[in-house]
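User: Please take a close look at one part of this model, a single residue and its surroundings. Then set that part in its wider context.

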Amino acid sequence: MLWRSMLLLALVFSLPLPSCTAGEGKLFPGAAQPAESAIRVSGSGTALPLVKKLADAFRRQHPEAAFEFLAGTNSGGAVQGLVMGTLDLAVVNRPLLATEADGGLVYREFARDAIAFAVNLPGPIYGLSRDQVQEVYGGSLVDWKQLGGESTPILVLDRDEDESARKLVLLPLLDGRSVKARTIVLATADDMVMALEGTPNALGYTSLGLLRIRKTPRVRVLALDGEVPGAHTLAQGSYPWYLTFGLVNRLDASPSLRSFVDFALGPTGRQVLEEYGYAGP
Amino acid sequence: MPALRIRGGSLGLFVYLLVPMVALASFVTVALIIAGSLLDDREAHVLMEQQGEIVLEGVLARVQERRRAEEVFVQLLAAERELAPALETADKVGLAQVLVPLRARLGLSSMVLYDRNGQEMLYLGSPVENRAAAPLVSAALSGLTQSAMSVNDDGLAVSASTPLKGSRGIQGAMLVGAILNREDLKEVTEKEGVELALFKNGRLVMVTTEQPDMVRLLSESGLGREGLGDFKRSLESLGFGAAATPIGDDGLLVALVSMREVEMAIRQRAILMTGLSVTLSAILLVAGFRVGRNTVRHVKSVAIATGDMVRGNYSRRVARSQIKELDDLASAINELAQQLEVQLAELAHRAFHDTLTNLPNRALFTDRLAHALARAGRRKESVAVMFLDLDNFKFINDSLGHQTGDKLLVMIAERLQTCLRGEDTIARLSGDEFTILLEDLADVGGATHAADRILEKLRIPFAVDGTEIYMTASIGIAVNAPHQEQPADLLRCADIAMYRAKGNGKAHYEVYDPSMQARAIERLELETDLRRAIERGEFKVYYQPVVSLVTGEISEVEALVRWEHPRRGLLSPQEFIPLAEETGLILPIGKWVLEKACHQARKWQEQYPSAASLVISANLSARQFQHPMLAEEIAGILDSAGLAASSLELEITESTAMESCDESLRTLRALKDLGVMLAIDDFGTGYSSFSYLNRLPIDAIKIDRSFVERLGGEPRDEAIMNGIITLAKMLRLVTIAEGIETDEQLDRTQSMGCDMGQGYYFSRPLAADALEALLAAGPSWQLLHDVIPTEAS
């Protein structure tokens, strides 16, 4: 009798109250288990944020679709992952290499991303000429005073030698001249965006789309030779400095992946692209 | 409830007298609950405040954690070598070159550099408020590393500062700041079901809720350190309670707890309570006497247990009681003890575990090993230590980056754990070194069995960031000798055995035996001797003739290195080349041999007309072969010796040629472009892939002596050799048989159509002057002429 009543008491007092766990810290959170049929995506760090936006838009139409984004690789690594079967979709910022092209892979261009020169506010300029780009990176234009601002060194931001934005935009602009300025070299596209946003007196070049996606109120995008980079000038062809993004999948892609690729290339995908200053292929 | 006052009397007596009162009180409680529950409201408030405070504690704990992290960050940053000189010369670009990438990487919201006078030199990120920064900067300029938290317009700011030291003392200060913004705080609030608001000087800076009434109320409240009571009353109308904590000089963090959830729980409880209370009251009367007795016992046991806790036994718990009030007391004490225990355990855990893999670290491992050894000594059991080192792990870090390396280490640690029994200890000593302690072993078989299991499980590739990585490990196993009680000794033995495993080709295990120690010492001596031998010119080149099996003339001479060791006498290459290869000394030795041999060959070509087209062959070790400037170096040697490239034949082993095929192919092509001849040495001992051989730009294969040795035995062996020669001929490769020692072996190789032969049958390797005498004696091999007509006809 007594123990039974105590049991009742215990029941009463153990009624649920709002949870009170504060700052529980798991040392090793196990990797989140993705849904069974999640589309595994990885690739170029510059292009991936756009694909995330596209995936968000896609999921609004197809709530059952699941994506798993894997960071920390590049175009080449992702294509390799595709071949090995550890990925379903590779996002690349360059066409497939000859060695990659024969593996039963499908490559489709889906966006153009302007590479824009930009300054940290309140930099004194709204645009650069090609000559000025050459002077800044060539090391002869070193002080904002030379561009009409107050006298303080221009902090010139640059990317690693292998980066597509550098190889396909900066170097052609320099026309064979080498970079002689004391530049600050950033390792990833996101680092470049963060450096532009947070470094007073900085000047650099980066993906226009990524600047828009990351919301950078302290950055001003510059016109280049009078052309303002954007979806419109890209589509017209008057702003010729851009990277082309492509989606790569295996021939045996799942129906949901196929439908996502079609979506990305279709009208709704195009709307998402243009919202962030990208242009279609 | 009436308060109990006990003055100098026994609780027991009071309790016995109070039993009827308790029963009465319970009826009153029932009445109150049914009436509409004043008590519930109060209880709800208490609960709300408790929850608000718990959440605040959680947020503060996170901020404290961030502060500590920030202090570490700023100290690490200040240690960047280029900073102090750039600061001394006020080189803003130089400073930015170091700091801009670091700030972007670490995601710090601000980073400011000050010169010696506290003047701002460079700031990155959002501007830092002077009032918050000034005390930190002056602390840093006086040599301290400090951190602080404050409220600013973006959220909860955590800053830390540290001195920048140059060659002439403190050159300035660095301040870094991070902000817990709305998104960061929202993470907390979503988990806890509580909203947070931040005030600065009575002004609302940030709030996690979006409810407009709440936001208006908060922004109009002007809430400061005082006036919380009034504020709480006005919150009640919105169904919220509040708790607050000050931040910095002028900030306030407020947690807002919704009453609805708390109330719902209370209501539910009230309904059940009403139903049950009647029953309970009756039970109380019957059981009152026993309860009273239990109460006294319980209070006594609580007193004893608490005393025990105070003395440091934090794992002691107070017994739960069936009486709510006592139970509350007991659980409060228990909770306190539990917190202390958890905190202490966490501290202890951190001190003894590797932060990356969460495995025990060296300190804990050594401690466990010491205990295990002591235990084993008493019980006459065996203890084994495994020393596991990943093969070529540096390559992963170099090529895929440290982050990938770290992820891989975590995966490896997890996989290793699955290979072991629960009671085995696995630790990460450093870098890519793991140690494993196996206890209660019957014999060494248990350990080797475990090592086999580990090697097998490691064979499954690891998938890191979409890349499949194949890892192997070398394992050294040491089992304790009787009376061996020093953990360090056993670890060293396992380490030596591991090195042995590395030396013997990696990816397997070796069990320590005492001779290894001797060998390790011997090896060390040999290595020292080897370095000295180069300076002292203790190496000698010996030459062994390679004879044409068609003409019987010496067509080639193979240069072989010998070491005239001052104490051990003449050492053959097998005795020191592996060590030279491992230490990299092979490069100067190999180069010296090549130079010497090329000069010698040129001299003989000029001196003896019969040797005008003599070819000198020399071995290239794997390390030499991988040297990026190999072709240039060989061109230089040929040039200085005046030897035609076609008079030099370079021999590499199959495995060297097969390793990293594309790279090998490039090197071989570069050598071939020089015009030198290329031969595969010890052919048949490696992969023997003819399809691959076909792709290599080689001229000859030297068939391994083991094939020649077996001639005349099994017909199958002979068929293999015959096959090799036939295929080589189809690929237009010259065949050279190594190790010909008998008439019969010569006869067989000749009849198979082998082009050349080498071995003791013709001549052992000779010093330069002895070979010179041979060359002088005549071009044709007398012995051979004797053999060919009789045997081959």
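Analyst:
**Val215(B) and its setting**

Val215(B) counts as partly exposed because its relative accessibility is 27% (buried is under 20%, exposed over 50%, partly exposed in between; 1.4 Å probe, protein chains only). The model is predicted, so local features need pLDDT of at least 70 and side-chain atom pairs pLDDT 80 or more, while totals for chains, interfaces and linings use all residues. Residues are numbered from 1 along each chain as written, chains are lettered from A and ligands numbered from 1 in written order, and side-chain values use heavy atoms without hydrogens or water.

The residue belongs to helix H7 of chain B, which covers residues 212-221 (helices, H or I of at least four residues, and strands, E of at least two, are DSSP runs numbered from the N terminus). Setting aside residues up to four places away in sequence, Val215(B) touches Leu204(B), Val207(B), Thr209(B) and Glu210(B) (contact: heavy atoms within 4.5 Å). Ala197(B) lies 18 residues from Val215(B) along the chain, and 9.3 Å separates their C-alpha atoms.

Leu650(B) can be set beside it. This residue sits in strand E21 of chain B, residues 648-653, and is classed as buried because its relative accessibility is 1%. Beyond its neighbours within four places in sequence, Leu650(B) contacts Leu594(B), Ala618(B), Leu620(B), Ile634(B), Leu671(B), Val676(B), Met677(B), Leu678(B) and Ala679(B). One of these partners, Met677(B), is 27 residues away along the chain, with 6.2 Å between the two C-alpha atoms.

Chain B also holds an open sheet of 5 strands in the order E2-E1-E5-E4-E3, with antiparallel pairing (two strands pair if DSSP finds at least two bridges between them). E2 and E3 (146-152) are the edge strands; each has a single partner strand, so one side of each has no neighbour in the sheet. On average, and ignoring direction, neighbouring strands of the sheet are turned by 20 degrees against each other (axes are lines fitted to C-alpha atoms, for helices over the stretch in contact; angles run from 0 to 180 degrees between N-to-C directions). Helix H5 of chain B, residues 130-141, packs on this sheet and touches E1, E3, E4 and E5. The direction of H5 makes about 145 degrees with that of E5(B).

Within the sheet, E4 (residues 155-166) and E5 (residues 169-180) of chain B are joined by 11 bridges in the antiparallel sense. Ser159(B) has Gly177(B) in E5(B) as its bridge partner. E1 (residues 110-115) and E2 (residues 120-125) of chain B are likewise antiparallel, over 5 bridges, and Ser110(B) stands opposite Gly125(B) of E2(B). The hairpin of E1(B) and E2(B) has 4 residues between the strands, and Gly118(B) there takes a positive phi near 80 degrees.

A helix pair in chain B can be described as well. The axes of H13 (residues 402-418) and H14 (residues 444-458) come within 9 Å and cross at roughly 135 degrees. H13(B) makes the contact with Ile412(B), Arg415(B), Leu416(B) and Thr418(B), and H14(B) with Ile454(B), Lys457(B) and Leu458(B).

As for the other chain described here, chain A has 11 helices and 11 strands. It contains 281 residues, of which 48% count as buried. Among contacts in chain A with a separation of 6 or more, 74% join residues 24 or more positions apart.
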